[in-house]
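Me: I would like a close look at one part of this protein, with its aromatic side chains in focus. Please keep it brisk.

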Amino acid sequence: MDTAAATSTAAEAAAAALAAKRPKAVTRKATAAAKPHAAQRRDAPAGTPACLVALVVSCLATCDEKDLDGLEIFAGLKVITQAAVVSGLQYRSLEINDGSEQDLTADSGLRMAVAYMCRCKPKAVVWFGTPCSSWVFLGRANSKRFSWWPAGSDPNLSYTVHHNNLANITARLALLASALGLYFIIEQPATSVLFLYWPIAMMLCKTGAKRVCIQLGQFGGDSMKPIELRGTAPFLQQLADHAANLPSCHNGKALVSCKRTWGRVAVTGKRQALQD
């Protein structure tokens with residue numbers, strides 16, 4: 001089983017936990033009937049990042065129904081969305097490879113993300129698969145990141161600046177998710193320094209996010225590949241406990257090779273194994 005399939009298996013476990021407690025869709029008409037004297041204007045909830053307030057107010061004004069159980073952002077292969085749909089959940093995904101209109105660095109993509117979040121039911125889950133290539137151990141030679149300097153030591157590297165921007169977007173949308181009464185989860189490989197990046201670290205502190213680790217090998221992956229999950233979803237610990245009781249099913253495929261020369265260790269990634 002490849003990494004994508006293992007991630008899908010892990011996602012199905014998370015989706016099943018969410019499906020068991022999903023709330024019913026809530027319409028604005030039903031809410032208005034319950035509170036006939038409520039004001040028609042819908043303000044952005046407390047805790048909304050200032051840069052998103054106007055957009056949130058605009059999206060809430062046109063949101064007639066809370067019909068989504070969750071949203072996957074930076075979706076990649078969309079294994080979370082696929083697992084959620086299989087479990088009977090109403091999910092949406094955002095992935096730039098599916099069209100430029102889903103580019104979160106553009107106004108259109110950001111508006112789409114906020115609009116979907118405004119349609120999510122209370123306690124829905126927003127899952128972030130924030131691109132990790134510049135944050136993990138093997139990519140730091142290109143991004144010039146260090147654990148003591150996660151933002152990157154060279155401010156002129158467009159590659160690093162771009163990924164910092166994606167992290168900033170992740171932090172803002174995660175704060176918005178909490179403000180809207182939603183849960184969020186951010187997924188990263190264990191060697192990633194994303195969670196040390198200041199905007200992300202501050203967001204995690206403000207929202208009281210929890211940390212768990214799982215290994216994709218426990219879900220049939222080609223390698224153990226430890227994954228770190230940070231978020232506010234209450235089932236995170238349940239997922240970690242479930243994973244801890246699973247036998248390792250991976251085939252022992254090494255992701256890197258190490259060579260020691262004169263006391264120094266050179267680590268080289270194995271391209272095909274990493275792709276799998």
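Me: Which residue lies over the face of Phe 195, and at what distance from the ring centre?

Reply: Arg 230 does, at 4.8 Å from the ring centre. Bear in mind that this is a predicted model.

A second arginine is placed over a ring too. The charged end of Arg 145 sits over Trp 135, 3.5 Å from the centre of that ring.

Next in the sequence after Arg 145 comes a surface feature. Phe 146, Trp 148 and Trp 149 make up a nonpolar patch there. Together they have about 390 Å² of accessible area.

Take the three members one by one. Phe 146 has 31% relative accessibility, so it counts as partly exposed. The cut-off for exposed is over 50%. Trp 148 counts as exposed because its relative accessibility is 66%. Trp 149 has 44%, and therefore counts as partly exposed. Trp 149 belongs to the loop between α6 (140-143) and α7 (158-179).

Now the rings. The structure has 2 aromatic pairs. One of them joins Phe 146 and Trp 148, two members of the patch. Their centres are 4.9 Å apart, with 15 degrees between the planes. Planes under 30 degrees apart count as stacked, so this pair is stacked.

For contrast, turn to buried side chains. In helix α9 (residues 236-244), the buried residues are Leu 236, Leu 239, Ala 240 and Ala 243. They span an arc of only 100 degrees around the axis, so they lie on the same side of α9.

Key:
Residues are numbered from 1 along each chain as its sequence is written. This is a predicted model: local features need pLDDT of at least 70, side-chain atom pairs count only at pLDDT 80 or more; totals for chains, interfaces and linings use all residues. Side-chain values use heavy atoms; hydrogens and water are left out. Patches are made of residues with over 30% relative accessible area and no salt bridge: like charges are joined within 9 Å, nonpolar side chains (Val, Leu, Ile, Met, Phe, Trp, Tyr) within 5 Å. Accessible areas come from the Shrake-Rupley method with a 1.4 Å probe; for residues, only the protein chains shown count as cover. A salt bridge is a side-chain nitrogen of Lys or Arg within 4 Å of a carboxyl oxygen of Asp or Glu. Helices (H or I, at least four residues) and strands (E, at least two) are DSSP runs, numbered from the N terminus. Buried means under 20% relative accessible area, exposed over 50%, partly exposed in between (1.4 Å probe, protein chains only). Rings of Phe, Tyr and Trp (its six-membered ring) pair if their centres lie within 6.5 Å; planes under 30 degrees apart count as stacked, over 60 as edge-to-face and the rest as tilted. A charge sits over a ring if NZ of Lys or CZ of Arg is within 6 Å of the ring centre and within 35 degrees of the ring normal. The arc is that of the directions from the helix axis to the C-beta atoms.
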